[in-house]
Amino acid sequence: MSINPGSTTEQRTQIPGPGPENIPTLPTAVKDAKATRELMFTLRHFHLGAPAAKDQLEAAPDDALPALLDPFRDTSKLRYDYPLFLFPPGAGDGHQDADDLEQPLAEWFARVVQEFAPAPDSARILKDHLHWLEYHLRGTLRQREGPAPAKPVLRGAGVDLQRHLDLDPANRDRLQEDLDQLQAAAGDGQIMGYGRYPALHLLIHAVRSRVIPRLTRFQVQVDECIRGLRSLIDVEWGKSDEAIEPRQARDSVGPEGERFNPAALSAVMDHSKGTQQMPAERRERIERVLEILVAWHPDPVLVRFVHLGSVAGHWLSESYDTKDVTDDDPCARATVLFDHEAEKLAGIFAAVRIAQLEIQGIYDPAIHDPWFDNFHWEAFSQEELLLVPSVIALDDADRVAGRGLHSFSRLLSSGRPVQIMVRIQAHNNPGAQPDENPFQAFRTELGYLGISHRQAVVTQSSAARHHHLMRCFLAALDATHTSLNLITTGLRPESRLVRLNAWLVAGAGIEGRAHPFFRINPAAGDFAAARMDFSENPEETRDWPVHPFRYRDENANLIETEQAFTFADYCLLIERLRDHFRIIPPGCDSTALVPVSDYLARPQEEADRLLPFIWAVDGNNLLHRLVISRELILACRDRLNFWRSLQELAGVRNRYVEMAIERTRTEERQQAAVEHGRLQAEHAVELEKVRESAAREAMQRLTDVLLGMDLTGGAGASAPAPEPIPRPVAEEPPRPVDDMAKVAAAIEPEPSLSFDEPWIDTTLCTSCNDCTNLNPLLFVYNEDKQALLGDLGAGTYAQIVEAAELCPANCIHPGKPWDPDEPGLGELIERAVPFNQ
């Protein structure tokens, strides 16, 4: 059994093999009809919320897991993408994609070792223990928040590996050489575990990767502007009286200037101006801009993030380019911070633009002075906006949906390229009060609220799918719009008998449609088809992901089936929601008990008579059915409704498209029916004409034969008949015939019209492919892609009858069977009757 807790590009999850000891088993029980009726009464009362019924039923075991997640119970055997190796952010050009910024450590190990030790036997010890290093580093980084420099981390892991292996001196030296090469390949990279804030660290890493190369290019641009402006000033100075004073001439000669008489030279020089001098206003503007450019130095702080005070750790003091601010309203404070940072940079950006215009000689004060007098962040180019230190508002979902909604909405509507990051608990309802059941009301979907702010980038992703998350961050940064990032990282339940991995819980939320992926990017266009990215959701065309599942029934028979992973399965992982589950006693056997996915697929009036349940496995490998409360099934229906809304936005199972297709098919069927009726009428007329023509021809031939026969009898009867004398038929009626048998024998038989053979009314064919898909040798297309009968020997009468039943144009006529030995002909001939008429 396997489950896909992530996208196909990122899934590296490994689980125990499906041995006999890993297959869950249903407990044995005696089934009793009367007991079942009584149990169903109690189960139904629990489902509907009766407090007394809750106490009469056994609660779900503390170690119970959704059946599809049972193979992940032992987290020590779980391999996943973290830790990540983060490439140095300044190594690219500022346009890197996610693959160039981060990589699972296991993949980085394999690639680097293959590069310096490509031979199968080289670095053998290190290659055999890369998994050990990965597992060891995952445990080492578990208590550290944020990325760590890769070299010292790898150095420490190498020391631990040497101590673990305790090799002889020769092998120890060889292993150390390989470990040193591995450390050298890390360069300035970092290694990051799955901590509390992996999404925040990845966003900061994405900002660095975009800003650092751009700052380098911008410094080059500033230096070019400085040189260009100084050149303009030098040229202007060369035109001044000061430039040709005797003192300047003497100083320009060098060490031997004392032997030179500059006054005598100045007396004979022409002091007239060779060109027009620069206006004082322009010179003043150039000098002012030059002063700004020379004085500018990039701000070492690249990221400023505002939080409610919940973010702490040594990584804050270790980050030289990151500064945090605590505030009760992160969105409002982020707005002020961005305006402040943008205002500081407006001067240098304006100075660079003015310098470029002056160097090109196209600065026009009448046009440009008003523009630069009102130069604010709204006028920044995309490259300039990306140079503004990024401002991140780290907010709480409950606060945003409550008292923080006003500032949150104002920031989303402002267009400021601020990153809003909201941590989501996928099972919770941000709109609920602190003391409310999260399923007491329909869920407030902050993502849908974000979509209503049409010019904001809205992303719903998870740190558990780092590759999808990083692509979302990069798209948001490049769009330079206000961005809302809704992130789930999963929970780490501490009171459970099963110590679940937070990465696994986050992945289960994605799988159970509790936190579906999507991205809305207004920079991509005005239509939903361009704006909406729905990729990397598991089985995006289904309501719920479906996976193979095996178990043993009460009689130890192996049962192989498929099982859906639903929102209810995910909720079983959440400690506070376990009261919504109760065990269905093994002896309770009723058709009214149905899995949650089947329950939600039924019409409401039918579903109300049923009881939904999920499958769960406890620590003893026993398989249980857990009935769920009505509140939880309504929450499942609510999540399914939101999932279908996202599908429709993304064009997946779009109801409008389905209706348009059905409408088009109906119109085509109607048109085909009208055309079919017209062709049948024409065919009937033509058939009648053919019959009349054939009858006239037959009578004419009969007349000719009768007029040409010798009907006198006798010995001469066999002699050739004399040529009849032509005469008008009307003038001489036929002579009486005494021996009609001789006449009948003399008449050639007329071919009879028979419908016993199969045939296709080709002109009515709609090219639907139903018959050719059934048997492409029995049914073939002509040059107009309309069906004809092919090789009858390559098919059966059953196939041509089935094709007639499938044909939407009713143009296939099976006729009579051509193989009398074909089985089931009686039934087939009866089925063919409507199509032979």
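**Exercise 1. Place A798 and decide whether it is buried, partly exposed or exposed.**

Step 1. A798 has 26% relative accessibility, so A798 counts as partly exposed. The scale runs as follows: buried is under 20% relative accessible area, exposed is over 50%, and partly exposed is in between, with a 1.4 Å probe and protein chains only.

Step 2. Locate A798. The residue lies in helix α29, residues 797–806. Helices (H or I, at least four residues) and strands (E, at least two) are DSSP runs, numbered from the N terminus.

Step 3. List the partners. Not counting residues up to four places away in sequence, A798 touches E822 and L828. Contact here means heavy atoms within 4.5 Å.

Step 4. Add a distance. A798 and P814 are 16 residues apart in sequence, and their C-alpha atoms are 9.2 Å apart.

A note on the source: this is a predicted model, in which local features need pLDDT of at least 70 and side-chain atom pairs count only at pLDDT 80 or more, while totals for chains, interfaces and linings use all residues. Residues are numbered from 1 along each chain as its sequence is written, and side-chain values use heavy atoms, with hydrogens and water left out.

**Exercise 2. Summarise the whole protein, then its cores.**

Step 1. Count the elements. The protein has 30 helices and 23 strands.

Step 2. Of its 837 residues, 45% are buried.

Step 3. Take contacts between residues at least 6 apart in sequence. Of these, 72% join residues at least 24 apart.

Step 4. Find the largest nonpolar core. It holds 161 residues, and L293, F567 and Y570 have the most contacts inside it. A nonpolar core is a set of buried Ala, Val, Leu, Ile, Met, Phe, Trp, Tyr and Cys residues joined through side-chain atoms within 4.5 Å.

Step 5. Look around L293. Beyond its neighbours within four places in sequence, L293 is in contact with V222, C225, I226, L229, I348, A351, V352 and A355.

Step 6. Apart from this core lies another, of 24 residues, including F85, L133, L182 and A186.

**Exercise 3. Describe how α5 meets α6, and how α3 meets α7.**

Step 1. The axes of α5 (residues 130–140) and α6 (residues 150–165) come within 10 Å and cross at roughly 120 degrees. Axes are lines fitted to C-alpha atoms, for helices over the stretch in contact, and angles run from 0 to 180 degrees between N-to-C directions.

Step 2. Classify the angle. α5 and α6 are therefore oblique to each other. Angles under 35 degrees count as roughly parallel, over 145 as roughly antiparallel, 65 to 115 as roughly perpendicular and the rest as oblique.

Step 3. Name the residues. W132, L133, H136 and L137 in α5 meet V153, L154, A157, D160, L161 and H164 in α6.

Step 4. Turn to α3 (residues 105–116) and α7 (residues 169–186). Their axes come within 10 Å and cross at roughly 115 degrees. That makes α3 roughly perpendicular to α7.

Step 5. On the α3 side, W108, F109, V112, V113 and F116 make the contact; on the α7 side, D178, Q181, L182, A185 and A186 do.

**Exercise 4. Work out the surroundings of strand β18.**

Step 1. Check burial. In β18 (residues 611–617), 7 of the 7 residues are buried, so the strand is largely enclosed by the rest of the structure.

Step 2. Sort the side chains. L611, F613, W615 and V617 point one way, and P612, I614 and A616 the other way.

Step 3. Pair the strands. Two strands pair if DSSP finds at least two bridges between them. β1 (residues 65–66) runs antiparallel to β18, with 2 bridges. The bridge partner of L65 is V617.

Step 4. β17 (residues 593–595) is parallel to β18 over 3 bridges. Here L593 stands opposite L611.

Step 5. β19 (residues 623–628) is antiparallel to β18 over 5 bridges. W615 has R625 as its bridge partner.

Step 6. Inspect the hairpin of β18 and β19. There are 5 residues between the strands, and N621 takes a positive phi near 70 degrees.

**Exercise 5. Give the strand order of the 8-strand open sheet and find its edges.**

Step 1. The order is β7-β6-β8-β9-β11-β10-β12-β13, with mixed pairing.

Step 2. β7 (322–326) and β13 (532–533) stand at the edges. Each has a single partner strand, so one side of each is left without a neighbour in the sheet.

Step 3. Examine one edge. β12 (residues 518–520) and β13 run antiparallel and are joined by 2 bridges. I520 stands opposite M532.
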